[in-house]
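New notebook page, new structure. I want to jot down what I look up as I go, one entry at a time.

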Amino acid sequence: MTASDQETPTDAPAPLADVPPPVDADVPPLADVPPLADADAPASEPEGLTPRQARLLRISVASVVLVVLGAVLAVRLASRTSVLVVGVYGLAMILCGVVIELSRHGRTRLGTYLLGTGLVAALAADWLLLP
(Lines give C-alpha, C1' and ligand atoms only; values in the text may rest on other atoms or scores of the structure.)
Protein backbone atom coordinates (compact mmCIF):
# COMPACT_ATOMS: atom_id res chain seq x y z
CA MET A 1 0.00 0.00 0.00
CA THR A 2 1.17 3.44 -0.78
CA ALA A 3 0.83 6.56 1.23
CA SER A 4 -1.75 7.95 -1.21
CA ASP A 5 -4.11 4.99 -0.58
CA GLN A 6 -4.23 5.69 3.15
CA GLU A 7 -5.00 9.38 2.98
CA THR A 8 -7.10 10.67 5.84
CA PRO A 9 -9.17 13.71 5.09
CA THR A 10 -8.45 16.57 7.40
CA ASP A 11 -11.85 18.23 7.03
CA ALA A 12 -13.98 15.07 7.63
CA PRO A 13 -17.13 15.68 9.74
CA ALA A 14 -17.05 14.46 13.32
CA PRO A 15 -19.33 11.54 14.21
CA LEU A 16 -22.73 12.60 15.56
CA ALA A 17 -22.13 11.01 18.95
CA ASP A 18 -19.14 13.26 19.55
CA VAL A 19 -20.96 16.51 18.72
CA PRO A 20 -22.38 18.22 21.83
CA PRO A 21 -25.93 19.62 21.54
CA PRO A 22 -26.18 23.35 20.97
CA VAL A 23 -26.74 25.32 24.14
CA ASP A 24 -29.25 28.16 24.03
CA ALA A 25 -29.47 30.42 27.04
CA ASP A 26 -33.19 31.22 26.41
CA VAL A 27 -34.43 27.59 26.47
CA PRO A 28 -34.81 26.03 29.95
CA PRO A 29 -33.62 22.46 30.50
CA LEU A 30 -36.25 19.72 30.19
CA ALA A 31 -36.42 19.23 33.95
CA ASP A 32 -37.67 22.82 34.36
CA VAL A 33 -40.43 22.58 31.72
CA PRO A 34 -43.91 22.53 33.35
CA PRO A 35 -46.30 19.72 32.33
CA LEU A 36 -48.92 20.30 29.66
CA ALA A 37 -52.22 21.86 30.64
CA ASP A 38 -55.06 19.53 31.61
CA ALA A 39 -57.12 20.66 28.61
CA ASP A 40 -54.56 19.15 26.25
CA ALA A 41 -54.24 15.87 28.13
CA PRO A 42 -56.87 13.15 27.78
CA ALA A 43 -59.15 12.51 30.73
CA SER A 44 -57.50 10.33 33.35
CA GLU A 45 -60.66 8.32 34.03
CA PRO A 46 -63.12 7.54 31.23
CA GLU A 47 -66.82 8.14 31.78
CA GLY A 48 -68.98 5.09 32.46
CA LEU A 49 -68.02 1.44 32.54
CA THR A 50 -65.53 -0.36 30.38
CA PRO A 51 -67.03 -3.04 28.12
CA ARG A 52 -65.61 -5.77 30.34
CA GLN A 53 -67.12 -4.21 33.46
CA ALA A 54 -70.47 -3.82 31.71
CA ARG A 55 -70.47 -7.49 30.69
CA LEU A 56 -69.60 -8.64 34.20
CA LEU A 57 -72.26 -6.39 35.71
CA ARG A 58 -75.01 -7.70 33.44
CA ILE A 59 -73.93 -11.29 33.97
CA SER A 60 -74.06 -10.72 37.74
CA VAL A 61 -77.47 -9.04 37.61
CA ALA A 62 -78.93 -11.76 35.39
CA SER A 63 -77.51 -14.46 37.68
CA VAL A 64 -79.03 -12.83 40.78
CA VAL A 65 -82.38 -12.46 39.01
CA LEU A 66 -82.18 -16.11 37.95
CA VAL A 67 -81.68 -17.23 41.55
CA VAL A 68 -84.49 -14.96 42.80
CA LEU A 69 -86.85 -16.29 40.13
CA GLY A 70 -85.97 -19.84 41.14
CA ALA A 71 -86.82 -19.04 44.77
CA VAL A 72 -90.10 -17.36 43.79
CA LEU A 73 -90.96 -20.35 41.60
CA ALA A 74 -90.36 -22.71 44.53
CA VAL A 75 -92.55 -20.58 46.81
CA ARG A 76 -95.31 -20.33 44.21
CA LEU A 77 -95.22 -24.07 43.55
CA ALA A 78 -95.41 -24.79 47.27
CA SER A 79 -98.59 -22.74 47.59
CA ARG A 80 -100.19 -23.85 44.35
CA THR A 81 -98.96 -26.26 41.71
CA SER A 82 -99.81 -25.13 38.22
CA VAL A 83 -98.37 -25.57 34.78
CA LEU A 84 -98.97 -21.88 34.20
CA VAL A 85 -96.75 -20.96 37.18
CA VAL A 86 -93.99 -23.18 35.88
CA GLY A 87 -94.43 -21.72 32.38
CA VAL A 88 -94.26 -18.07 33.44
CA TYR A 89 -91.33 -18.41 35.82
CA GLY A 90 -89.60 -21.03 33.67
CA LEU A 91 -89.64 -18.70 30.67
CA ALA A 92 -88.31 -15.85 32.81
CA MET A 93 -85.47 -18.09 34.02
CA ILE A 94 -84.68 -19.15 30.44
CA LEU A 95 -84.60 -15.46 29.52
CA CYS A 96 -82.05 -14.84 32.28
CA GLY A 97 -79.86 -17.59 30.82
CA VAL A 98 -80.15 -16.01 27.37
CA VAL A 99 -79.14 -12.64 28.81
CA ILE A 100 -76.09 -14.22 30.46
CA GLU A 101 -75.01 -15.74 27.15
CA LEU A 102 -75.63 -12.50 25.26
CA SER A 103 -73.51 -10.63 27.79
CA ARG A 104 -70.72 -13.18 27.51
CA HIS A 105 -70.67 -12.59 23.76
CA GLY A 106 -70.59 -8.80 24.07
CA ARG A 107 -74.25 -7.99 23.39
CA THR A 108 -74.75 -6.15 26.66
CA ARG A 109 -77.28 -3.56 25.51
CA LEU A 110 -79.47 -6.16 23.85
CA GLY A 111 -79.21 -8.29 26.99
CA THR A 112 -80.21 -5.36 29.18
CA TYR A 113 -83.24 -4.57 27.05
CA LEU A 114 -84.30 -8.22 26.99
CA LEU A 115 -83.86 -8.61 30.74
CA GLY A 116 -85.88 -5.48 31.46
CA THR A 117 -88.74 -6.26 29.11
CA GLY A 118 -88.73 -9.93 30.10
CA LEU A 119 -89.01 -9.14 33.79
CA VAL A 120 -91.81 -6.67 33.15
CA ALA A 121 -93.60 -9.26 31.02
CA ALA A 122 -93.13 -11.96 33.70
CA LEU A 123 -94.49 -9.67 36.41
CA ALA A 124 -97.44 -8.69 34.19
CA ALA A 125 -98.16 -12.33 33.39
CA ASP A 126 -97.96 -13.20 37.10
CA TRP A 127 -100.38 -10.42 37.94
CA LEU A 128 -102.77 -11.01 35.00
CA LEU A 129 -102.69 -14.77 34.46
CA LEU A 130 -101.96 -16.34 37.81
CA PRO A 131 -104.64 -16.24 40.52
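**Entry 1: V64.** I started with a single residue, keeping in mind that this is a predicted model. Is V64 buried or exposed? Its relative accessibility comes out at 53%, and exposed means over 50%, so V64 counts as exposed. I checked where V64 sits, and it belongs to helix α1. Then I looked across to C96: the two residues are 32 apart in sequence, and their C-alpha atoms are 9.2 Å apart in space.

**Entry 2: C96.** Next I asked which residues C96 touches once its neighbours within four places in sequence are left aside. I found A62, V65, L66, L69 and L115.

**Entry 3: the core.** I then pulled up the largest nonpolar core, which has 15 residues. C96 is among those with the most contacts inside this core, along with A62, L69, V85, Y89 and L115. Which elements give two or more residues to this core? They are α1 (51–79), α2 (83–104) and α3 (108–129). The largest share is from α2, with 7 residues. A general note to self: in soluble globular proteins, nonpolar side chains tend to be buried together.

**Entry 4: α2 against α3.** I turned to how the helices pack. The axes of α2 and α3 come within 9 Å and cross at roughly 175°. Angles over 145 degrees count as roughly antiparallel, so that is what α2 is to α3. From α2, I noted L84, V88, Y89 and C96 among the residues that meet α3. On the α3 side, the residues in this contact include T108, G111, L115, G118 and D126. By class, the residues of the contact of α2 with α3 are 15 nonpolar, 4 polar and 1 charged.

**Entry 5: α1 against α3.** Same check for the other pair. Here the axes are 10 Å apart and the angle is about 15°. That is under the 35 degrees needed, so α1 is roughly parallel to α3. I also wrote down the handedness: the crossing of α1 and α3 is left-handed. Which residues of α3 do the α1 residues meet? They are T108, T112, L115, L119 and D126. The α1 side of this contact includes R55, R58 and R76, as well as A62, V65 and L69. Sorted by class, the contact of α1 with α3 has 7 nonpolar, 2 polar and 4 charged residues.

**Entry 6: L115 again.** Looking back over my notes, I see L115 in several places. L115 of α3 is in the contact with α2, it is in the contact with α1, and it is listed among the core residues with the most contacts.

How values were computed:
Residues are numbered from 1 along each chain as its sequence is written. This is a predicted model: local features need pLDDT of at least 70, side-chain atom pairs count only at pLDDT 80 or more; totals for chains, interfaces and linings use all residues. Side-chain values use heavy atoms; hydrogens and water are left out. A nonpolar core is a set of buried Ala, Val, Leu, Ile, Met, Phe, Trp, Tyr and Cys residues joined through side-chain atoms within 4.5 Å. Buried means under 20% relative accessible area, exposed over 50%, partly exposed in between (1.4 Å probe, protein chains only). Helices (H or I, at least four residues) and strands (E, at least two) are DSSP runs, numbered from the N terminus. Contact means heavy atoms within 4.5 Å. Axes are lines fitted to C-alpha atoms, for helices over the stretch in contact, and angles run from 0 to 180 degrees between N-to-C directions. Angles under 35 degrees count as roughly parallel, over 145 as roughly antiparallel, 65 to 115 as roughly perpendicular and the rest as oblique. Ala, Val, Leu, Ile, Met, Phe, Trp, Tyr, Cys and Pro count as nonpolar, Asp, Glu, Lys and Arg as charged, and the others, Gly among them, as polar. A crossing is left-handed if the near helix is turned anticlockwise from the far one by less than a right angle, and right-handed if clockwise.
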